[in-house]
Amino acid sequence: MEAQDFNIILATDSYKITHYKQYPPNVSQIYSYFECRCKKGSPFSEVVFFGLQYLLKKYLTGHVVTEEKIQQAKVFYQMHFRQTVFDEDGWRKILETYDGRLPIRIKAIPEGRIVPRGNVLFTVENTDPDFFWLTNYVETMLVQMWYPITVATVSREFKKILAKHLKATTGSTEGLESMLHDFGYRGVSSQESAALGGAAHLVNFCSTDTVAGLLMVQHFYTCPMAGFSIPAAEHRYILLLSQFQHFKFDTNIKFIVLL
């Protein structure tokens, strides 16, 4: 889905649509926080925070509420709930008062920071008392942070293992940043998953074939080129070469055989 087609009013769990009616009277401020929790006995004692900037810039920044999107949501939720529960007036007030910008404040630790699990990674609060219900309305989207955080954290654990054995066998960690190559583009569920996961891997390593992650980092993190690859061969190519015994390689190109 392109950013211009994205409707923030529809980007939530259905049950949150009626929450604006369920808060006690005189509520004016909602303050929420996000943390990574692990089961007892988990091998992960620390997490790598990454990915929030992408979500904020792509989905939550700027004039995200329009009259067209309000009308789209109104029709959708009427059909979905089979009754009138949508807060049309509340969303139109955001449009009229803030020109469609969301009156919320999000504070976060720096991306790439390594923190012990259980600590607050970012907070969300409303900046206008009339929109206290908006703080947790955006929770659904923000909780998707679990994916880039998980990829960055697991990638770091691999890096620690590689560093340990590299130092034990060579006496140094030279070249460590290139020792785990990402081919995750083909193994995820969507283009956006490839971008988020590929970018999260680049927090720890600079070796990748996941172009989507590189493009995301270029656009949302202003990094001209975060990862590198080389010309390489695949199975089909090697099998083809085996049929031609007199084939001559171009000695100016280095190949890696991927097995």
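Is T222 buried or exposed? At 64% relative accessibility, T222 counts as exposed, where exposed means over 50% relative accessible area, buried under 20% and partly exposed in between, with a 1.4 Å probe and protein chains only. The model is predicted, so local features need pLDDT of at least 70 and side-chain atom pairs count only at pLDDT 80 or more, while totals for chains, interfaces and linings use all residues. Residues are numbered from 1 along each chain as its sequence is written, and side-chain values use heavy atoms, with hydrogens and water left out.

**Stop 1: T222 and α8**

Select T222 in the loop between α8 (211-221) and α9 (235-241). Helices here are DSSP runs of H or I with at least four residues, strands are runs of E with at least two, and both are numbered from the N terminus. T222 stands just after α8, and its phi is near 45 degrees, a positive value in a residue other than glycine.

Next, select α8 itself. Its buried residues are A212, G213, L214, M216, V217, F220 and Y221. These buried residues pack against α1 (52-60) and α7.

**Stop 2: α7 against α8**

Add helix α7 (residues 191-201) to the selection. Two packed helices are described by the angle between their axes and the distance between the axes. The axes of α7 and α8 come within 7 Å and cross at roughly 75 degrees; axes are lines fitted to C-alpha atoms, for helices over the stretch in contact, and angles run from 0 to 180 degrees between N-to-C directions. The two helices are therefore roughly perpendicular to each other, given that angles of 65 to 115 degrees count as roughly perpendicular, under 35 as roughly parallel, over 145 as roughly antiparallel and the rest as oblique.

To display the interface, show Q191, A194, A195, L196, G198 and A199 in α7, which meet A212, G213, M216 and V217 in α8. Contact means heavy atoms within 4.5 Å. By class, this contact has 7 nonpolar, 3 polar and no charged residues. Ala, Val, Leu, Ile, Met, Phe, Trp, Tyr, Cys and Pro count as nonpolar, Asp, Glu, Lys and Arg as charged, and the others, Gly among them, as polar.

**Stop 3: α2 against α3**

Move to helix α2 (residues 67-81) and α3, which pack at an angle of about 170 degrees with their axes 10 Å apart. That makes α2 roughly antiparallel to α3. On the α2 side, select E67, I70, Q71 and K74; they meet E88, W91, R92 and L95 in α3. The residues of this contact divide into 3 nonpolar, 1 polar and 4 charged.

Which residues of α3 are buried? They are E88, G90, W91, R92, I94 and L95, and what covers them includes α2 and α4.

**Stop 4: D99 and G100**

Continue past the end of α3 to D99, in the loop between α3 (88-98) and β3 (104-108). D99 has a positive phi of about 55 degrees although it is not a glycine. At a relative accessible area of 47%, D99 is partly exposed.

G100 lies in that loop between α3 and β3 as well, but at 0% relative accessibility G100 counts as buried. Not counting residues up to four places away in sequence, G100 touches G62, H63, V64, V65, I94 and L95. For a distance label, pick the C-alpha atoms of G100 and A168: the two residues are 68 residues apart along the chain, and these atoms are separated by 57 Å.

**Stop 5: the largest cavity**

Select K16, I17, H19, Y20, Y23, F86, D87, W91, W133, N136 and Y137, which line the largest cavity. On a 1 Å grid over the protein atoms alone, a cavity is a set of points where a 1.4 Å probe fits but cannot get out, a pocket is an open set with protein on both sides within 12 Å along at least five of seven lines, and lining residues have an atom within 4 Å of a point. About 80 Å³ of space lies in this cavity; grid points are joined across faces, edges and corners, and a volume is the space filled by probe spheres set on the points. The lining divides into 7 nonpolar, 2 polar and 2 charged residues.

**Stop 6: the second largest pocket**

Finally, select S32, Y33, F34, E139 and V143, which lie nearest the centre of the second largest pocket among its 13 lining residues. The elements giving two or more residues to this lining are β1 (31-35), β5 (120-126), α4 (134-137) and α5 (139-142). The largest share, 4 residues, comes from β1. The pocket holds about 230 Å³ of space, and its lining has 7 nonpolar, 3 polar and 3 charged residues.
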